[in-house]
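Q: I should like to learn how to read the features of a folded chain from its coordinates. Could we proceed one feature at a time, with the general idea before the particular case?

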Amino acid sequence: MNVYKKPYIIAEIGCNHKGDIEIAKELIKVAKIFCNVDAVKFQKRNNKELLTEEQYNQPHPNPVNSYGDTYGAHREYLEFDKNQHQDLKSYCEDIGITYSTSVWDLTSAKEIASLNPDFIKIPSACNNNIAMLEWLCKNYHGELHISTGMTTKGEIEALVSFFKKHKRNKDLILYNCTSGYPVPFEDVCLLDINLLLNKYKDDVKSIGFSGHHLGIAVDVAAYTLGANIIERHYTIDRTWKGTDHAASLEPMGLRKLSRDVNAVYKALQFKSQDILPIEQVQRDKLKNQKV
């Protein structure tokens, strides 16, 4: 019997749709039909709430990737409203894949919670937004997935304690994560998965891994270490304009990731008997041959 949890693969579309609802739907369809993943995830921001006036009106730090004259205009261009997110969720339901979204502020959390997705993600940048977390704990009843990039061990401990206080820790999934785009292999720090498992496996529902590295070998290792939920940024074309495309997988990469992680899941078990039926045929044929 396999002692590992079944892998759950999330394609993080984020803002890689370039503000185009039809591209978003194409990404969903390809993720389902070609990549064989379990869920897709978008992002939701209320930019006036999230950014200061100065941040909103300043130029994009990397103008070649900007979709507007200011950072605020760039973010607004890439933003879908609640009705568009409802449309995307309905499309996901129609083709049989799970819809979710990362929420970056309280207004976005309320809007997405009203759509009642199976889970809502809180990105590393927002895992200290207590007002948002408290509202979600009290008003949203699905799973809450939280990344731990750029977060101290003390802050993770406080986060888990917060969810235990609200009796929501069994709906909490903690993700090992390093915040960077892309992250060099030596900064992925996969063994932190062991730390999260050793400390919190009995307190939370599951441990996940959110990767911003290149390739797919690391994800197989993350799953083998015990992170059964794997999230990767995903795009149709890594050369498209935008900050996340270069650290994303294209469809073939995501398809291979899903294939490989699921293959490892099947392989990670003990022999059910000393000589398996597949071996018995070879034993009868090859073992103790006359020389």
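Q: Which elements make a right-handed β-α-β unit with strand 5?
A: In this predicted model, strand 5, helix 8 and strand 6 form a β-α-β unit that is right-handed. A further crossover follows: from strand 6 the chain passes through helix 9 to strand 7, again as a right-handed β-α-β connection.

Q: In which sense do strand 5 and strand 6 pair, parallel or antiparallel?
A: Strand 5 (residues 143–147) pairs with strand 6 in the parallel sense, over 4 bridges. To find the register, one may look at I146, which stands opposite L174 in strand 6.

Q: Over how many bridges do strand 6 and strand 7 pair?
A: Strand 6 and strand 7 (residues 206–211) are joined over 5 bridges, in the parallel sense. Here I173 has S206 of strand 7 as its bridge partner.

Q: How should one read the two faces of a strand, and what covers the case of strand 6?
A: The general idea is that side chains in a regular strand alternate between the two faces of the sheet. In strand 6, L172, L174 and N176 lie on one side, while I173, Y175 and C177 lie on the other, and all of them are buried. Both faces of strand 6 are therefore covered.

Q: Why is strand 6 described as largely enclosed by the rest of the structure?
A: The reason lies in the burial count: 6 of the 6 residues of strand 6 are buried, so the strand is largely enclosed by the rest of the structure. Across the protein, buried residues make up 48% of the 291 residues.

Q: How is empty space located, and what is the volume of the largest cavity?
A: A probe the size of a water molecule, rolled over the atoms, shows where empty space is left. The structure holds 1 cavity of 30 Å³ or more, and the largest cavity has a volume of about 30 Å³. Its lining consists of T178, V183, V188, F209, S210, G211, H212 and H213. By residue class, that lining divides into 3 nonpolar and 5 polar residues, with no charged ones.

Q: Which residues are closest to the centre of the second largest pocket?
A: The second largest pocket has a volume of about 260 Å³. Of its 14 lining residues, K153, I156, D192, L195 and L196 are the closest to the centre. The lining of this pocket comprises 6 nonpolar, 5 polar and 3 charged residues.

Q: Which elements supply at least two residues each to that lining?
A: Helix 8 (153–165), strand 6 (172–177) and helix 9 (192–200) each do so. Helix 9 gives the most to the lining of the second largest pocket, with 5 residues.

Q: How does the radius of gyration of the protein agree with that of a compact globule?
A: One compares the value with that expected for the chain length. For 291 residues a compact globule would have a radius of gyration near 19 Å, and the protein has 21 Å, which agrees. Along the principal axes, the C-alpha atoms fill a box of roughly 85 × 45 × 40 Å. The protein has 12 helices and 8 strands.

Q: Finally, how is a single residue read, and is K256 buried, partly exposed or exposed?
A: K256 lies in helix 11 (residues 251–267). Its relative accessibility is 35%, so K256 counts as partly exposed. Although K256 and C35 are 221 residues apart along the chain, their C-alpha atoms are separated by 7.6 Å.

Key:
Residues are numbered from 1 along each chain as its sequence is written. This is a predicted model: local features need pLDDT of at least 70, side-chain atom pairs count only at pLDDT 80 or more; totals for chains, interfaces and linings use all residues. Side-chain values use heavy atoms; hydrogens and water are left out. On a 1 Å grid over the protein atoms alone, a cavity is a set of points where a 1.4 Å probe fits but cannot get out, and a pocket is an open set with protein on both sides within 12 Å along at least five of seven lines; lining residues have an atom within 4 Å of a point. Grid points are joined across faces, edges and corners, and a volume is the space filled by probe spheres set on the points. Ala, Val, Leu, Ile, Met, Phe, Trp, Tyr, Cys and Pro count as nonpolar, Asp, Glu, Lys and Arg as charged, and the others, Gly among them, as polar. Buried means under 20% relative accessible area, exposed over 50%, partly exposed in between (1.4 Å probe, protein chains only). Two strands pair if DSSP finds at least two bridges between them. A crossover is right-handed if, with the strands pointing away from the viewer, the path from the first strand over the helix to the second runs clockwise. The radius of gyration is taken over C-alpha atoms; the globule rule is 2.2 Å times the number of residues to the power 0.38.
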